[in-house]
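Reader: I am new to reading protein models, and I would like to go through this one with you. Could you show it to me, please?

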Amino acid sequence: MTTSHSYAVQPEVSLTLAESGAGRPVLVLHGGGGPATVTGLADHLARTAHVITPTHPGWNGTPRPDWFTGIDDLALAYLHLLHDRGLRDVLVVGSSLGGWIAAEMAVRDQAGILTGLVLVDAVGVAVEGEPIRDFFALDARGVAEYAYHDSERFYVDPAEVPAAQLALRQGNMAALHTFAGGPSMHDPKLLRRLGRVRIPVLALWGESDRIVTPAYGAAYAAAFGDGRLVVVPEAGHLPHIERPEATFAAIDAFLDE
């Protein structure tokens, strides 16, 4: 059973949380598309773990203070949440923007709360020769072509989206733009900081991702003290949606080690 509630990490900052399952604590962080994009991933992990899935402030109409605008704000808020709850041995699983948040959490985790990361087609670092695609410049057809292996299957015509859902998507894109700092979607210093992160890190990448390529993922994984890359065939930027069985198998194998 999934329960939903809010938790204040600061007087002005409340996090909207969904929780399910029992066992090792796992924090699942969504990307720009919002929490619905990681529902299947959270459900899978909840079979054997206590899964906490936040909605980042500003997504799905959730409140966000005017000053709360950086990935560092999100990373610190989630570390405060884990600390306040007394959680240890935490695995953080982050998709796209959520992977960037996870990496920023790891470089700030002086208390040793985190013991593993799974970065699913994460953004957040600058890799020479492998620029991040300007997601904000893509129309709906471009998103399908660059983000998915099977673009025809996942293309959504905006004209066929109900007005309320379209407004929600537009609000989420505005929040993404605020936190990602525009089209760059990276911290130029982060790659150099990752070497001090010694916990095991799985970089899980869709073979056909053209937002951030597998070569970008390989550089991301190599920057950590204990990182590895696993490429999911016939998948793009969201392999947990496009190829869930292969994605879940790779995560399960990582956790079983």
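Author: Happy to! Helices (H or I, at least four residues) and strands (E, at least two) are DSSP runs, numbered from the N terminus. This is a predicted model, where local features need pLDDT of at least 70, side-chain atom pairs count only at pLDDT 80 or more, and totals for chains, interfaces and linings use all residues. Residues are numbered from 1 along each chain as its sequence is written, and side-chain values use heavy atoms, with hydrogens and water left out.

Reader: Thanks! In which helix is Asn172 found?

Author: Look at residues 163-180, which form one helix. Asn172 belongs to that run, helix α6.

Reader: Is Asn172 buried or exposed?

Author: Buried means under 20% relative accessible area, exposed over 50%, and partly exposed in between (1.4 Å probe, protein chains only). Asn172 has a relative accessible area of 5%, so Asn172 is buried.

Reader: Which residues does Asn172 touch, not counting residues up to four places away in sequence?

Author: Contact means heavy atoms within 4.5 Å. With residues up to four places away in sequence left out, Asn172 touches Gly32, Gly33, Gly34, Gly58, Trp59 and Asn60.

Reader: How many aromatic pairs does a search of the whole structure find?

Author: Rings of Phe, Tyr and Trp (its six-membered ring) pair if their centres lie within 6.5 Å; planes under 30 degrees apart count as stacked, over 60 as edge-to-face and the rest as tilted. Searching the whole structure in this way gives 9 aromatic pairs.

Reader: Why is the pair of Trp205 and Tyr216 tilted?

Author: The two ring centres of Trp205 and Tyr216 are 6.3 Å apart. This pair links distant parts of the chain, with Trp205 in strand β7 (residues 201-206) and Tyr216 in helix α8 (residues 214-223), 11 residues apart. The pair is tilted because the planes of Trp205 and Tyr216 are at 45°.

Reader: What aromatic pair do Tyr216 and Tyr220 form?

Author: Both Tyr216 and Tyr220 are buried. They are 4 residues apart in helix α8, so about one helical turn separates them. Their rings lie 5.9 Å centre to centre with 85° between the planes, and the pair is edge-to-face.

Reader: Where does the charged end of Arg141 sit?

Author: A charge sits over a ring if NZ of Lys or CZ of Arg is within 6 Å of the ring centre and within 35 degrees of the ring normal. The charged end of Arg141 is 3.7 Å from a ring centre, and the ring belongs to Tyr155.

Reader: Which residue forms a salt bridge with Arg141?

Author: A salt bridge is a side-chain nitrogen of Lys or Arg within 4 Å of a carboxyl oxygen of Asp or Glu. For Arg141, the closest N and O atoms are 3.1 Å apart, and the partner is Glu152. This pair links distant parts of the chain, 11 residues apart, from Arg141 in helix α4 to Glu152 in helix α5. With 58% relative accessibility, the exposed partner is Glu152.

Reader: Is Glu104, which forms a salt bridge with Arg108, buried or exposed?

Author: The closest N and O atoms of Arg108 and Glu104 are 2.6 Å apart. Arg108 has 28% relative accessibility, so Arg108 counts as partly exposed. Glu104 has 3% relative accessibility, so Glu104 counts as buried.

Reader: How many salt bridges does the structure hold?

Author: One of them joins the side chains of Arg228 and Glu257 (2.5 Å, N to O). For the structure, the number of salt bridges is 7.
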